[in-house]
Amino acid sequence: MLRSPALALAFIAALGFVTACGGAERSAPASKGDGSKASVAAALSQQYKEWRGVRYREGGLSKKGVDCSGFVQLTFRKRLGKSIPRTTKALARYGKKIRRRSLRPGDLVFFKTRWKVRHVGIYYGDNMFLHASKSRGVMLSKMDDIYWGERFWQARRVL
């Protein structure tokens, strides 16, 4: 039992942080659907609408700024009802490795951007992926554009 009102408030605030994916962002979770391709695509579309343009911030997990693996983790937790690792390195070993031609919405896509530097996003469908870009924030990009096409590394299925 918490005896101090200040301690009780701190406890409630901490609990809110854990469940809200980064503090200030507190919208209700989208319906997790049935896990079908259509429901995953709808969940990703809703996430994109809400997060489009949120700037990149290393280590960030809120609409004040988010990094690529943080955005992937909170999208899976909030929109798809799945808890996944936080770092790109851990995500690159998580789930089942799949071929690029087998991609479907919700699959993780990885890119080698520099020596020992990796980037992760979520396959959106129609040859597009959702991610937090260092230069443009949360956005959709084409898998085969001049930059990303040359840097594709692997894809993993986690749903």
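Select Phe111 and His119 in this predicted model. His119, in strand S5, is the bridge partner of Phe111. Now widen the selection to both strands. S4 covers residues 108–114 and S5 covers residues 117–125. They pair in the antiparallel sense, over six bridges.

Next, go to the turn. Two residues separate S4 and S5, and the two strands form a hairpin. Click on Lys116 in that turn: its phi is positive, about 60°.

Follow S5 onward to strand S6, residues 128–133. S5 and S6 run antiparallel and are joined by three bridges. To see one partnership, select Ile122 and Leu130: Leu130, in S6, is the bridge partner of Ile122. These strands also form a hairpin, again with two residues between them. In this turn, pick Asp126, which has a positive phi of about 55°.

**Aromatic pairs**

Now show the aromatic side chains. The structure holds eight aromatic pairs. Start with Phe110 and Trp153. Their ring centres are 6.1 Å apart and their planes stand at 80°, so this pair is edge-to-face; the angle cut-off for that label is over 60 degrees. Phe110 belongs to strand S4 and Trp153 to strand S8 (residues 152–157), so the pair ties together parts that lie 43 residues apart in sequence.

Turn on the surface. Which of the two rings' residues is buried or partly exposed? Phe110 has 0% relative accessibility, so it counts as buried. Trp153 has 31%, so it counts as partly exposed.

Move to Tyr147 and Trp148. This aromatic pair is edge-to-face too, with 4.8 Å centre to centre and 90° between the planes. Check the surface here as well. Tyr147 counts as partly exposed because its relative accessibility is 34%. Trp148 counts as buried because its value is 9%; the cut-off for buried is under 20%.

Keep both selected and add Phe111, Phe129 and Phe152. Together with Tyr147 and Trp148, these residues form one aromatic cluster. Phe111 brings you back to the opening stop, where His119 was its bridge partner.

**Charges over rings**

Two arginines finish the tour. Select Arg100 and Phe152. The charged end of Arg100 sits over the ring of Phe152, 4.7 Å from the ring's centre. Phe152 is one of the cluster residues you have just selected.

Last, select Arg118 and Trp153. Arg118 lies over the face of Trp153, at 4.9 Å from the ring centre. This is the Trp153 that pairs edge-to-face with Phe110.

Key
Residues numbered from 1 in each chain as written. Predicted model: local features only at pLDDT ≥ 70, side-chain atom pairs only at ≥ 80, totals over all residues. Heavy atoms only, no water. Pairing = 2+ DSSP bridges. Helix = DSSP H or I, 4+ residues; strand = E, 2+ residues; numbered from the N terminus. Phe/Tyr/Trp six-rings, centres within 6.5 Å; stacked < 30°, edge-to-face > 60°. Buried < 20%, exposed > 50% of the residue type's maximum accessible area, 1.4 Å probe, protein only. Lys NZ or Arg CZ within 6 Å of the ring centre and 35° of its normal.
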